[in-house]
Amino acid sequence: IACEATRRKDEIYKHFPHGFPNAIMVSDRYAAHLSTPSKGYQICWAHLMRLANYLIEAENNEWIHKLIKLYRKAKKLEKQKAEWKREDKAVKNIEEKLNHLLLEELDEKAFPETTILYNSLNINRSAILTFLYHEDVPSHNNASEQAIRNAKVKMKISGQFKSGQNYYAIMRSIIDTLTKNDKPILDSLFKIEKSKDISFGF
């Protein structure tokens, strides 16, 4: 977690000058994230489904219903097996259905907002079903949303940051990392304070 004035790409490079060459980046289709060098990308389906539900109410295009149906099939595959191979018949079938879906023609004048999503998914085609091929890659970025929740509460409810925001970001980053790796927080902080190593089993 880092405190910066904007979410622009140059702010990301300030902290991660080489991007994430060994990681899959999961994001909500934010341009700065999708252009950051990474091993691969996965767009957040939780955000997509919220947008899809809105588009059903706003424009109710059949294409949106097909997209939701495809996502549900993909989630069923994820439950069946944590990591698929691209040559597996089940995923080849769903990839083919996705290709057909992204080749359908939409009436831009009748469904302008649906068309924006359609174009975005075509641009980011390779980031739609990445989660099926990597066991540790989720189909959403909920973990990231949860990680910044404490900071957002502090900003919006507890009176903003007058100072110390960078120290807060460092401490939250450490605590969240310890939590995600099932490490005792207080004991680990004592070890860090005494310059002792903490093993994460990577």
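1. Start with helix H4. Its buried residues are Trp63, Ile64, Leu67, Ile68, Leu70, Tyr71, Ala74, Lys75 and Leu77. A lysine, Lys75, is among them. These buried residues of H4 pack against H3, H5 and H6. Note that the model is a predicted one.

2. The length of H4 raises no concern. The helix has 19 residues, and its first and last C-alpha atoms are 28 Å apart. That is close to the 27 Å expected at 1.5 Å a residue.

3. Helix H6 covers residues 112-123. Its twelve residues should span 16 Å at 1.5 Å a residue, and the end C-alpha atoms lie 17 Å apart, so the two values agree. The buried residues of H6 are Thr114, Thr115, Leu117, Tyr118, Ser120 and Leu121. They pack against strand E2 (38-43), helix H3 (45-58), H4 and H5. The packing is listed from the other side too: H6 is one of the elements against which the buried residues of H4 pack.

4. Next, the largest pocket. Its volume is about 2100 Å³. The lining counts 49 residues, and those closest to the pocket centre are Ile1, Ala2, His33, Ser144 and Ile148. Elements giving two or more residues to this lining are helix H1 (9-15), strand E1 (20-27), helix H7 (142-147), helix H8 (149-156) and helix H9 (165-180). H9 supplies the largest share, eight residues. By type, the lining divides into 23 nonpolar, 15 polar and eleven charged residues.

5. The second largest pocket holds about 170 Å³ of space. Its lining consists of Lys66, Lys69, Leu70, Lys73, Ile94, Lys97, His100, Leu101 and Glu104. Two helices, H4 (62-80) and H5 (89-103), each give two or more residues to that lining. The division here is three nonpolar, one polar and five charged. Leu70 ties this point to the first: it is a buried residue of H4 and also lines the second largest pocket.

6. Which residues does serine 27 contact, leaving aside its neighbours within four places in sequence? They are His33, Leu34, Gln42, Ile43, Cys44 and Asn141. Serine 27 lies in strand E1. It counts as buried because its relative accessible area is 1%, under the 20% cut-off. Two of its partners appear elsewhere in this note. His33 is among the residues closest to the centre of the largest pocket. Cys44 returns in the next point.

7. How many disulfides does a search of the whole structure find? The result is zero. A disulfide is a covalent bond between the sulfur atoms of two cysteines. As for individual cysteines, cysteine 3 has 29% relative accessibility and so counts as partly exposed. Cysteine 44 has 1% and therefore counts as buried. Cysteine 44 is also in contact with serine 27.

8. Last, lysine 194. This residue lies in the segment after helix H10 (185-193). Is lysine 194 buried or exposed? It is exposed, because its relative accessible area is 53%, and the cut-off is over 50%. Its C-alpha atom is separated by 29 Å from that of lysine 154. Along the chain, lysine 194 and lysine 154 are 40 residues apart.

Terms used:
Residues are numbered from 1 along each chain as its sequence is written. This is a predicted model: local features need pLDDT of at least 70, side-chain atom pairs count only at pLDDT 80 or more; totals for chains, interfaces and linings use all residues. Side-chain values use heavy atoms; hydrogens and water are left out. A disulfide is a pair of cysteine sulfur atoms within 2.5 Å. Buried means under 20% relative accessible area, exposed over 50%, partly exposed in between (1.4 Å probe, protein chains only). On a 1 Å grid over the protein atoms alone, a cavity is a set of points where a 1.4 Å probe fits but cannot get out, and a pocket is an open set with protein on both sides within 12 Å along at least five of seven lines; lining residues have an atom within 4 Å of a point. Grid points are joined across faces, edges and corners, and a volume is the space filled by probe spheres set on the points. Helices (H or I, at least four residues) and strands (E, at least two) are DSSP runs, numbered from the N terminus. Ala, Val, Leu, Ile, Met, Phe, Trp, Tyr, Cys and Pro count as nonpolar, Asp, Glu, Lys and Arg as charged, and the others, Gly among them, as polar. The expected span of a helix is 1.5 Å times one less than its number of residues. Contact means heavy atoms within 4.5 Å.
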